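Here is a structure to read alongside a few questions about how its features earn their names.

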Amino acid sequence: MAKKLFIPGPVSVAPEVLDKLATPIIGHRGKEASELQKSITHKLQKLFFTKEEILLSTSSGSGLMEGAIRSCTGKRAAVFSIGAFGKRWFEMAQSNQVQADLFEQEWGKATSAEQVEQVLKTGKYDLITITHNETSTGVMNPLASIAQAVKKYPDVIFCVDAVSSMGGSKIETDTLGIDICITSTQKSLGLPPGFSVCTFSAKAAARAEKVPFRGYYFDLLSLYDYIKTKDYQYSSTPSLPHMFALDYQLDRILAEGIENRYCRHQEMAEMVREWAVKNYSLFADSDYLSDTVTVINNTRNIDISELNKELGCRGYQIANGYGKMKDKTFRIAHMADYTIEDIANLLKNIDDILN
Ligand SMILES: *Cc1c(COP(=O)(O)O)cnc(C)c1O
């Protein structure tokens, strides 16, 4: 039996979207491929609220994260981390010999605009990375106030990891001044894993031109140049099946209405939080709760893997805590195409099993 995956990626995918993966393959250098990429680009520009270019990547989101910090750091990167995924960006910098400093926050807390301001005013940094929605802790960072701080430093390239939130929470990329906003297909967009997308501003492109060693496959400038000079094609062979499915899923997202989609995510989040507060407690700072994933303190010492086994028999799966928080917390994702009824059924089944 196929389980409904209430884990923070990969999520379950609608059958009609899965069908699109089986679309007959086209050549990747023809007009058809350009048209497909253009169609995806126009739809993603709506979802990201941007007029800048959209880069596609035949990789999961980590590829674009690595590409961003390597391709666009001139002097030094300031990496802000509030959990496992924030720190990943620092590890990527180090392994690519990109100069970077890590500014960590205790797990469960958010990055503050003041912190960002303190760091950027040293003048040492020309790129900053922020995790919008930290999937390991269930914290959603206050992007609007952080963006205000970053805007005071126009030489700084602003990179945002929106892997687990784009499509579930509103991010107005251009208004916020984000240069590179990254997401993967397997989270709030509701597609199979193996593909990712990001915005790429003209300012980011100008920076990358001054960075001599940008790598090869994840050289974001080469992806950008292919769009500009080869009429929206990909620099190597893209995963065309993902592109067909993405183009179709974006139609479904736009048909639902993106504002409606955000509301649905908020309602699902509120239902899970209410249930969690009643029965357990929330791990994240209550002022910065994520709309796409809730991390719950395991105050009743439940055996999470046992619970998941039982849930599995009923067609559901939730996630254990991330890394060092395994068994101390557990996580319920409420993203992509799930409905409020799906969430209600999941919670009823958990209660059922535990009573
Ligand atoms: C899942 C996730 C990633 C990693 O994305 P992949 O697509 O698995 O490479 C990065 N950041 C956050 C916040 C995530 O949730």
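The questions below deal with the cysteines, the sheet and the helices that lie across the sheet.

This is a predicted model, in which local features need pLDDT of at least 70 and side-chain atom pairs count only at pLDDT 80 or more, while totals for chains, interfaces and linings use all residues. Residues are numbered from 1 along each chain as its sequence is written, and side-chain values use heavy atoms, with hydrogens and water left out.

Q: Why is C72 not counted as bonded to C159?
A: A disulfide is a pair of cysteine sulfur atoms within 2.5 Å, whereas the sulfur of C72 lies 6.3 Å from that of C159, its closest cysteine sulfur, which is too far for a bond. By this rule the count of disulfides is zero.

Q: What makes C72 buried or exposed?
A: Buried means under 20% relative accessible area, exposed over 50%, and partly exposed in between (1.4 Å probe, protein chains only). C72 has 0% relative accessibility and therefore counts as buried, whereas C313, at 64%, counts as exposed.

Q: Why are β2 and β4 said to stand at the edges?
A: Two strands pair if DSSP finds at least two bridges between them, and the open, mixed sheet has seven strands in the order β2-β10-β9-β8-β5-β3-β4. β2 (53-57) and β4 (100-104) each have a single partner strand, so one side of each is left without a neighbour in the sheet.

Q: How do you know that β8 and β9 pair?
A: Three bridges join β8 (residues 157-161) to β9 (residues 180-184), and the two strands run parallel; strands here are DSSP runs (E, at least two residues), numbered from the N terminus.

Technical notes: Helix = DSSP H or I, 4+ residues; strand = E, 2+ residues; numbered from the N terminus.
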